[in-house]
Amino acid sequence: MPKIRIDGREIEVPAGRTLLQAIDDLGLLMNGVEIPHYCWHPKLSIDGSCRLCQVEIEGTPKLQIACNTPVQDGMVVHTQSERVRAAREGVMELLLINHPLDCPICDQAGECKLQDYAYDYGLTQSRSREPRRALKKNVDLGPTIVFDQERCILCRRCVRFCEEVTGTGELRVFGRGDRSVVDIWPGVPLDNPYSMNVADMCPVGALTTKDFRFKIRVWFLEEVPGVCTGCANGCNVYLGVANNKVYRYTPRRNDAVNQTWICDAGRLSYRRIGAADRQRSALVRGELGVPEPASFERALAEAASRLRRLVEVKGPGVIAGVASAHATNEDLYTFRRFLLALGAGESGVAVPRGDSDALLVKEEKAANAEGARVLGFGPARAVLERLRAGGVEALVVLGSDLLGERGLEDLSPLDRLDTLVVLAAHQSDLQRVAHVVFPTRHAAEKQGTLTSHAGRVQRVVPAVEPAFEAHAEGDVLHRLGAALGLPGFEGSYDPRAVFRALVREVPAFAGLDEGALGDQGAPLAAPAERPKASRASPGARA
Amino acid sequence: MISDETRARIDAEIAKYPVKRGALLPALHHVQAELGYVSPQAAAAVAEILEIRPVDVMEVVTFYNMFYDRPQPRHHVYVCTNLPCSLRGARGLLLALEAHLGIRAGRATADGRIALGHEECLGACAYAPMMRVDDRYHEDLDVAKAKGILDALE
Amino acid sequence: MLTTPYVTSYLSEHFAHDDFGTLKGYERRGGYQAAREALTRMSPEEVVQRVKDSGLQGRGGAGFGTGLKWSFMPRETEKPKYLVCNADESEPGSFKDRILMERGAHQLLEGILIAAWATGAEKTFLYVRGEYAWPASQLERAIAEAYAKGYLGPKVMGTRFRHDVVLMRGAGAYICGEETGLLESLEGKKGQPRKKPPFPAQVGAFGMPSTVNNVETFCHVPHILSKGVEWFRGFGTEKSPGTTLFGVSGHAVRPGLYELPLGTPLDEIVFEHARGVPHGRKVKGVIPGGMSMPILPAGELDVRMANEFLRERKTMLGTGGIMVMDETTCMVRVACIITYFFRDESCGQCTQCREGTGWLNKIMSRIERGAGLPADLDVLLDVAGKMEGQTICAFADAAAWPVQGLLRHFRADFEAHLREQKCPFPESFEL
């Protein structure tokens with residue numbers, strides 16, 4: 001590998017890369033090696049027009065743009081020399097002469113690269129006395145994006161994104177010289193399933209999302225690393241949290257999962273966390289046959305008593321379980337242990353489905369479908385067949401995706417059940433026929449792991465606390481197990497301990513630990529490499 | 001829309017280039033020869049023939065001086081006002097023509113016949129002042145000669 | 001209107017004869033013999049070496065060694081190779097390529113043929129600026145004649161060499177005269193110059209190896225081949241051999257074209273050939289090489305017109321467009337015209353160029369209007385300095401240099417504007 005010297009430090013860089021690419025490959029860009037830039041983006045073609053990334057390379061008289069200079073063995077680079085600083089100052093000054101003084105009303109403030117680099121590299125005062133360009137402001141570019149043409153610094157990232165990533169090509173630069181403007185062709189708005197990514201990659205507030213417009217200043221937000229739960233891709237996100245509320249998702253870079261992108265639907269799925277249809281209270285069906293709010297303890301007692309009675313009368317084989325693909329590995333592993341310890345009959349996982357695309361969006365519309373399968377849950381169809389054949393008297397159901405399963409067109413099969421226990425984060429029709437409902441937590445409200453469609457295990461952490469009493473599915477099941485006196489459900493529920501147990505007991509999880517997962521996740525052991533499972537342990541079918 | 005003739009001309013151009021898009025500028029010249037400007041429909045038609053997007057066509061139209069994205073008067077009269085021509089009275093010529101036509105540079109006569117403007121260097125520096133009327137150069141002008149040329153336009 | 005040069009040499013000596021533009025007329029005077037010689041009796045490598053030895057520099061403004069440029073084309077490749085003739089002449093003050101096309105189309109075609117043989121190119125794209133309708137029509141006529149005679153097409157002059165010429169009209173954008181801006185325009189896109197690397201010889205027209213040469217550059221080639229390197233080097237200087245067509249314009253008694261050897265002193269061209277400044281006035285300044293090149297004051301007109309000398313005076317040959325300005329000229333107005341031009345023609349990609357050209361022009365307009373401030377002059381120089389040497393192409397340099405040149409030699413004009421809050425030259429040309 002070529003060796004270069006950068007700011008006096010010798011490093012080995014990947015061959016065949018430009019300087020910026022190589023520094024970025026090593027994770028050092030703006031993280032040890034400071035080369036400010038606008039038009040370059042790790043996932044787009046090289047543009048070379050902003051000129052901000054110029055650096056000094058010994059042996060070359062002119063400054064060179066780091067984004068388009070191939071690394072060569074022995075190259076000596078200076079990124080902080082006087083010449084480089086003067087060049088950066090020049091670029092910043094020139095970008096600011098036409099830039100409107102919108103900071104007080106601009107959403108980008110606080111995460112604006114123009115602000116940042118002007119502060120780091122620019123002049124403190126403008127010398128221009130000339131009137132600024134007057135262009136379009138507050139333009140409806142399409143269903144998701146607001147456009148301010150005056151703020152645009154013409155880095156062309158958005159143009160390249162629409163051309164190279166989504167292939168939709170809605171945005172272009174029209175005109176010439178200092179009359180150049182980014183715009184759409186009239187009648188063809190910016191409207192594609194990934195449109196909101198342009199707001200992330202726009203270094204300034206020219207492209208912003210309608211969803212986030214004027215909601216909150218970004219410096220109030222804590223950006224908590226997490227995972228989108230909209231589909232099985234498991235795109236990495238930052239949850240923007242303030243006041244115990246998630247204000248937005250923005251994509252978090254993970255080159256193995258989602259590059260730097262997220263689909264619009266996934267990005268907006270943060271709304272599910274604070275949705276009005278959250279299950280806010282435990283429910284117990286009263287004498288009138290109508291679910292009534294109850295305390296968690298009351299619900300626990302009711303569920304335990306009903307299940308215990310059924311086991312005594314008919315044996316545990318008449319109890320079936322339906323898992324949710326939204327639940328974490330820890331929730332699901334606890335559910336598996338619960339069903340085994342109980343001696344329950346059929347179990348399966350209900351997975352919601354929808355459209356997919358060639359980029360990120362997956363057919364399975366839940367974040368842990370693969371995790372459920374790896375942990376031994378087959379399709380929920382098996383449970384439904386048994387239900388219709390009359391062999392099921394009680395169901396413990398996680399989530400409400402059972403309702404979407406083919407074969408369950410209406411609630412009547414469930415209505416006939418002796419006992420229906422539902423653990424759900426959102427309200428659904430299941431409540432109408434359930435005997436006990438437990439409110440559960442969204443992935444943003446608990447500690448755990450999710451397994452993406454590609455078999456990548458990724459962590460989620462509690463970013464917000466629900467305003468009502470709700471527990472992770474695993475927690476509810478742990479307490480239910482304890483209430484039923486099942487072995488192995490002593491003490492309190494600890495998802496971290498559950499994960500460690502997973503790693504020990506489930507061959508696919510072998511070798512993982514929290515450290516290995518980090519912020520980018522880690523893959524399951526490939527089937528060929530998995531150590532043999534013992535017969536008794538759950539997940540033997542994996 | 002564009003005529004069959006124009007379409008045939010565009011097809012002939014496409015044959016000369018290894019990539020269809022290479023024929024875009026020639027195609028737009030042909031479209032303008034017929035319509036006087038590149039209408040949205042014409043842009044869409046050209047885009048389809050060349051297998052690109054209408055927005056690709058309009059981006060090009062807005063970049064080049066000689067392509068227009070709106071209907072044009074019958075004649076374009078451009079007086080060069082770059083340095084060599086200005087040194088020899090181009091500005092005075094333009095002002096005289098403005099007065100003669102009764103319009104400011106950058107506008108068109110009310111009857112839609114003539115658009116008057118100024119242009120950058122046209123490569124006739126030794127024959128200044130001069131003007132371009134559509135595809136023709138008129139050089140070594142004085143005010144009288146220039147007026148005469150305009151008056152002769154239909 | 002006189003279109004033939006007042007002083008001629010090997011390029012333009014026959015321009016006075018109308019039939020020189022026809023294939024018959026051209027051949028009658030020895031045309032196409034050099035091409036035939038090259039195609040039938042010389043190897044491509046020999047031709048490249050001949051042109052290298054001649055020391056011919058490109059005549060499009062950059063002055064790059066032509067033979068050297070041809071040698072960059074890959075010898076062995078599966079890809080089709082292209083030549084591109086840059087006939088986008090748009091540099092203010094330049095009109096030499098126009099005459100070469102109007103009166104000597106076959107001379108150009110012969111040069112192209114020889115270059116094609118030397119580089120292995122199968123097709124030439126002849127990119128003519130959109131406004132040159134008449135020169136383009138002359139070229140179309142000549143190309144048709146060449147095809148009819150078998151000098152273009154599948155079997156050039158009966159050999160196995162195949163070559164086609166496609167003429168394409170531009171549409172009005174100065175930046176398409178920049179080598180890679182031209183390639184972009186040729187491909188049907190906006191003429192925005194490309195970042196380098198890669199260079200045209202590796203990735204050129206339509207991604208294929210290409211060589212871009214100026215019209216005049218091609219025109220010298222048949223003469224170099226037919227009359228030899230030594231003969232060619234007999235014209236001009238050691239470093240800058242050959243002739244060029246100097247174009248004189250502005251305040252000259254006899255503006256027009258003068259084909260003279262490189263290295264001819266500027267004052268000889270202005271005062272002898274172009275007969276000096278009219279109305280008995282004195283010269284104030286001369287731009288020697290097209291508007292991108294810094295101006296020279298009256299006291300420096302003894303400079304010899306070749307790059308090695310002009311560089312010492314902080315200017316360059318460019319395209320040899322000599323613009324004469326007499327003592328009535330207000331240099332602030334000159335700066336307004338120049339900065340307006342560059343602002344208009346910037347392609348808009350690079351920050352320094354897009355914003356810098358705009359800022360320079362805005363400041364100049366304000367100074368001309370009488371609203372200038374003392375700090376403006378330093379800002380002008382500073383901005384020009386920030387534009388230099390830092391962009392994808394040399395346009396920003398071309399925009400910066402004239403401002404630097406004008407302030408270097410005529411700062412007094414600017415200061416007078418600031419002091420008096422109006423133009424202090426009542427007789428100056430109008431803006």
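Here is a short back-and-forth about a predicted model, mostly about its chain C.

Reader: What makes chain C agree with a compact globule?

Author: Its radius of gyration does. With 431 residues, a compact globule would come out near 22 Å, and chain C has 22 Å, so the two agree. Along the principal axes, the C-alpha atoms of chain C fill a box of roughly 70 × 45 × 35 Å. Buried residues make up 60% of the chain, and the chain holds 16 helices and nine strands.

Reader: How do you know which share of the contacts in chain C join residues at least 24 apart?

Author: Take the contacts between residues at least 6 apart in sequence: 71% of those join residues at least 24 apart. A pair counts as a contact if the C-beta atoms lie within 7 Å.

Reader: Why is helix 9 of chain C called mostly covered?

Author: A residue is buried if 20 or more other C-beta atoms lie within 10 Å of its own. In helix 9 (residues 215-227), eleven of the 13 residues are buried, so "mostly covered" fits. Among them are C:Phe218, C:His220, C:His223 and C:Leu225. Right after helix 9 of chain C sits C:Gly228, with a positive phi near 95°.

Reader: Why is the crossing of helix 5 and helix 7 of chain C called left-handed?

Author: Left-handed means the near helix is turned anticlockwise from the far one by less than a right angle. The axes of helix 5 (residues 96-103) and helix 7 (residues 133-149) cross at roughly 40° and come within 8 Å. Helix 5 of chain C passes helix 7 of chain C in just that left-handed sense.

Reader: Which residues meet there?

Author: From helix 5 of chain C, C:Arg98, C:Met101 and C:Glu102; from helix 7 of chain C, C:Trp134, C:Pro135, C:Gln138 and C:Leu139. By class, that contact has four nonpolar, one polar and two charged residues. C:Pro135 goes with the nonpolar group because Pro counts as nonpolar.

Reader: What makes up the side of chain C that touches chain A?

Author: Here 25 residues of chain C are in contact with 23 residues of chain A. Helix 13 (331-345), helix 14 (351-369) and helix 15 (375-387) of chain C each supply at least two residues of that side. Helix 14 gives the most, with ten. By class, the side has six nonpolar, eleven polar and eight charged residues.

Reader: How do you know how confident the predictor is about chain A?

Author: Chain A averages a pLDDT of 94, and 97% of the residues score at least 70. Over residues 534-542 of chain A, though, the pLDDT is below 50; that stretch has 22 contacts in the model beyond near neighbours in sequence.

Notes:
Residues are numbered from 1 along each chain as its sequence is written. Chains are lettered from A and ligands numbered from 1 in the order in which they are written. This is a predicted model: local features need pLDDT of at least 70, side-chain atom pairs count only at pLDDT 80 or more; totals for chains, interfaces and linings use all residues. Axes are lines fitted to C-alpha atoms, for helices over the stretch in contact, and angles run from 0 to 180 degrees between N-to-C directions. Helices (H or I, at least four residues) and strands (E, at least two) are DSSP runs, numbered from the N terminus. Two residues are in contact if their C-beta atoms, placed from the backbone, lie within 7 Å. The radius of gyration is taken over C-alpha atoms; the globule rule is 2.2 Å times the number of residues to the power 0.38. A residue is buried if 20 or more other C-beta atoms lie within 10 Å of its own, exposed if 12 or fewer, and partly exposed in between; C-beta atoms are placed from the backbone. pLDDT is the predictor's confidence in each residue, from 0 to 100.
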